[in-house]
Structures are given as structure tokens and as C-alpha cells.
Amino acid sequence: MTRIAAVHGVLPPNRYPQAEITDVFAKVCLPDGADRRLLDRLHGSARVSHRNLVLPLDQYGELDGFGMANDLFIEAAVELGAQAVAGALDAAGLTPDDVDMIMCTSVTGIAAPSIDARLAGRLGLRPDVKRIPVFGLGCVAGAAGIARLHDYLRGWPGHVAVLLSVELCSLTLQREDGSIANLVASALFGDGAAAVVAVGDDRPTAERPTAPNPQSPAAPHPQSTTAQGPTVVATRSRLYPSSQRVMGWDVRDSGFKVVLDAGVPDVVRTYLADDVTAFLGGHGLTAPDMTAWVCHPGGPKVLEAVADTLELPTGALDMTWRSLDAIGNLSSSSVLHVLRDTLALRPPPPGTPGLLIAMGPGFCSELVLLRW
């Protein structure tokens with residue numbers, strides 16, 4: 001079985017309280033003279049206390065179109081991605097030369113050559129490393145990426161595979177767009193990156209101690225896990241009918257304009273419980289058997305829908321709520337930050353099962369059954 005050898009999270013250095021972000025984003029998002037009471041209400045109810053942003057806050061009003069934002073994305077994604085992959089490999093006791101495959105996912109910028117190609121020489125990856133750049137999965141890509149690493153390592157059990165997620169959501173902010181979707185996005189989404197190192201059955205790794213995180217958003221908040229991660233038992237992907245306009249992008253001259261329907265929690269309530277029940281039942285398990293729920297922090301209403309429809313016990317999503325509060329929603333990187341925090345701060349008993357869940361554009365979900 002695939003084993004998760006290490007998870008490493010990285011945040012950009014510009015960290016602000018939500019109230020400060022609200023004041024600046026009100027000037028960026030709203031036309032001159034517009035009433036900001038709706039924006040204030042949405043920011044206040046997001047359950048986010050701080051976020052890290054790729055730019056200093058006073059520079060967001062200077063963003064001028066898609067080209068400028070995307071150039072900034074490429075530059076910062078390479079820097080954060082290099083930190084994330086190098087940190088994960090070090091925590092796993094591996095070197096860049098050990099990597100056989102790297103998958104890179106983002107939905108907040110585009111690059112050709114892809115980010116993984118730009119990282120190869122900088123990190124010292126082998127010239128024959130397999131590369132899989134992925135775009136379009138959005139928030140679900142952290143879970144889907146782990147699932148696809150698992151698929152790869154089942155065929156190549158002696159290999160080392162890396163998943164890199166870099167999401168710079170703040171660069172997609174639309175100027176003078178007072179739509180509810182844009183205002184909700186301005187309240188929830190932050191910037192960050194994360195890398196996962198996974199190994200097949202035939203590839204052992206060395207164990208190294210976890211290093212403290214000097215840029216911790218909420219102490220204690222370790223940057224990496226050790227090489228004592230869980231194994232991936234099985235995965236399941238689900239696409240839901242008539243839901244393509246629930247979440248995604250409309251691509252405009254101004255960049256990525258968010259599509260975010262208020263019905264996302266309703267889709268969760270309609271489908272997720274049956275999917276989880278069927279998936280776990282196929283392995284002789286039920287929801288109460290899970291000792292950890294590693295869930296993407298989609299937002300307060302989404303998390304409440306997950307907890308309600310799965311009938312989760314009080315505290316089951318504490319790590320997810322903690323991450324949402326400390327750093328916001330990092331799209332595909334978020335569930336990887338929650339996984340890292342779970343491993344480092346609340347590790348489940350060895351041998352017990354847990355479930356990793358994320359949802360995203362499609363509308364879709366990805367389930368990953370873990371064993372600690």
C-alpha cells in the first residue's frame with residue numbers, strides 16, 4: 001500500500017488579521033461609493049481570523065489585469081513550491097534525486113512550462129522524472145492528488161512520488177466586482193502551498209524529527225510531519241449531476257472570475273452521506289469507525305453540512321475549523337495542511353482508519369481511506 005511519508009506546508013510571509021484584509025479588499029472589490037455592509041457581513045461570518053497573502057496588502061489595488069496577476073503567480077508559485085517540496089523531502093529523509101514522479105496542481109494560475117518543470121533544475125530533480133501538471137480540479141485536487149499518487153505507486157511500488165499544490169487565491173480577486181461570489185471569495189480564500197511525499201510498498205524511507213515552524217499562524221503549528229504517516233487503503237471519485245455551475249471559473253480579460261453558487265451545502269447534504277456510507281461499507285467500515293476526519297475547509301456552511309449529513313461527533317472537524325480560522329481556505333492546499341496538522345497535533349491510534357475528504361468544481365468529491 002502507498003504510505004504518506006511526509007507532508008510539508010508553506011505560507012507566504014504577508015500575514016494579516018481578517019479585519020485589516022476586509023478594509024483593503026472593500027476598496028479593491030467595490031466600485032467607488034458602493035455600500036460595503038454586505039462585504040463586512042460576509043467577512044465577519046467567514047470564521048477566518050487571519051490569512052497569509054502572496055502580496056503586501058497595499059499592493060492589491062495595483063493589480064492590472066490577468067497578465068500581471070499571472071506573472072506574479074508564476075514567480076511566487078516557483079518560490080513557494082520549491083520550499084514545500086524541499087521541506088517534504090527533508091522530512092521524509094529523501095533527496096530530490098529519489099523522486100520518480102511529481103504531480104503539480106493549482107487552479108489559481110497557469111504556466112507553460114509548468115511549475116514542476118521550472119522547479120526541476122532548481123531542486124535537483126532527475127532529468128527522467130515523470131511530471132504531471134494538473135489544472136481545473138480546484139479545491140478537490142489535494143485529495144485527488146493523493147489518490148492519483150496512490151494509483152501510480154500501486155503500479156510502481158518501488159518509487160517515490162510527490163504531490164505539490166500551490167494556490168495563490170488572492171491573485172484572482174476581481175476589481176470593482178460587487179457580486180456575492182466575489183465578495184465571499186474575498187472573505188474566505190488565502191494563499192499557500194503544500195507538498196506530500198508518498199512511497200510504495202517496496203520503498204522504505206528514513207525518519208527524521210519534525211522541525212518547528214518559525215512562521216506559525218497558530219501555535220503549535222508544525223510545518224512538517226515526520227516519515228510516520230498513514231497508508232492509503234482505497235480511494236473513490238464522484239461527479240454529481242447537473243452541477244457544473246456550482247463552482248469554478250469564468251475566464252475573463254480580468255482573469256479568473258469565481259463561480260460559487262449558494263447551493264454548495266445543499267449538494268453536500270444531498271450526496272455526501274450516501275457516498276461515504278457506500279465507500280466505507282465496501283471495506284467493512286462505518287462512519288463511527290473513523291478515528292480522524294481530514295476535511296477540506298470549504299467554509300462554515302459547507303463544514304456544517306458535512307458534519308450534519310455524516311452525523312459526526314462533536315470535535316470531529318476541529319482540525320479543519322482550526323485551519324480555516326488560522327489561514328483561511330487555500331483551495332487544494334488546504335486539505336493537505338489539515339492532514340499535516342492532524343498527523344502532528346492529533347495523531348490517531350496506530351492501525352485505525354480515517355477518511356480524507358475534499359470537494360470541488362465539477363461538482364465533485366474525492367474520498368481517501370487512510371489507515372494510521
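Welcome to the tour of this predicted model. Start by selecting D23, which is partly exposed, with a relative accessible area of 38%. Now add R36: the side chains of D23 and R36 meet in a salt bridge, at 2.9 Å from N to O. D23 sits in helix 1 (residues 18-29), while R36 belongs to the loop between helix 1 and helix 2 (37-44), so this pair ties together parts that are 13 residues apart in sequence. Like its partner, R36 counts as partly exposed, at 29% relative accessibility.

Keep R36 on screen and select D40. These two also form a salt bridge, with their closest N and O atoms 2.8 Å apart. D40 is partly exposed too, with a relative accessible area of 31%.

**A second pair**

Next, go to R131 and D116. Their salt bridge has its closest N and O atoms 2.8 Å apart. R131 lies in strand 5 (residues 130-134) and D116 in helix 4 (residues 115-123), so the pair ties together parts that are 15 residues apart in sequence. Is each partner buried or exposed? R131 counts as partly exposed at 42% relative accessibility, whereas D116 counts as buried at 0%.

Go back for a moment to D23, R36 and D40: salt bridges that share partners join these residues into one network. If you would like to look for others, the model has 18 salt bridges by the rule applied here.

**Into the core**

Now hide the charged side chains and turn to the nonpolar residues. The largest nonpolar core has 54 residues, and Y60 and V197 have the most contacts inside it. To see where the core comes from, colour strand 1 (2-10), helix 1, helix 2, helix 3 (66-92), strand 4 (101-105), helix 4, strand 6 (160-168) and strand 7 (191-199); each of them supplies at least two residues. Which element gives the most? Helix 3 does, with 14 residues.

Zoom in on V197 and show its surroundings. Beyond its neighbours within four places in sequence, V197 is in contact with residues including I4, A6, A88, L89, L94, V160 and V162. Another core lies apart from the largest one; it has 42 residues, among them V267, A273, V276 and L369.

**Last stop**

Finally, select residues 5-200. An unreviewed UniProt entry annotates this range as "domain: Chalcone/stilbene synthase N-terminal". Over these residues the chain is 41% helix and 21% strand. Where do the two ends of the range lie relative to each other? Their C-alpha atoms are 10 Å apart.

How values were computed. Residues numbered from 1 in each chain as written. Predicted model: local features only at pLDDT ≥ 70, side-chain atom pairs only at ≥ 80, totals over all residues. Heavy atoms only, no water. UniProt positions renumbered as here; feature names shortened; annotations may be inferred. Helix = DSSP H or I, 4+ residues; strand = E, 2+ residues; numbered from the N terminus. Salt bridge = Lys/Arg side-chain N within 4 Å of Asp/Glu carboxyl O. Buried < 20%, exposed > 50% of the residue type's maximum accessible area, 1.4 Å probe, protein only. Core = buried A, V, L, I, M, F, W, Y, C linked by side-chain atoms within 4.5 Å. Contact = heavy atoms within 4.5 Å.
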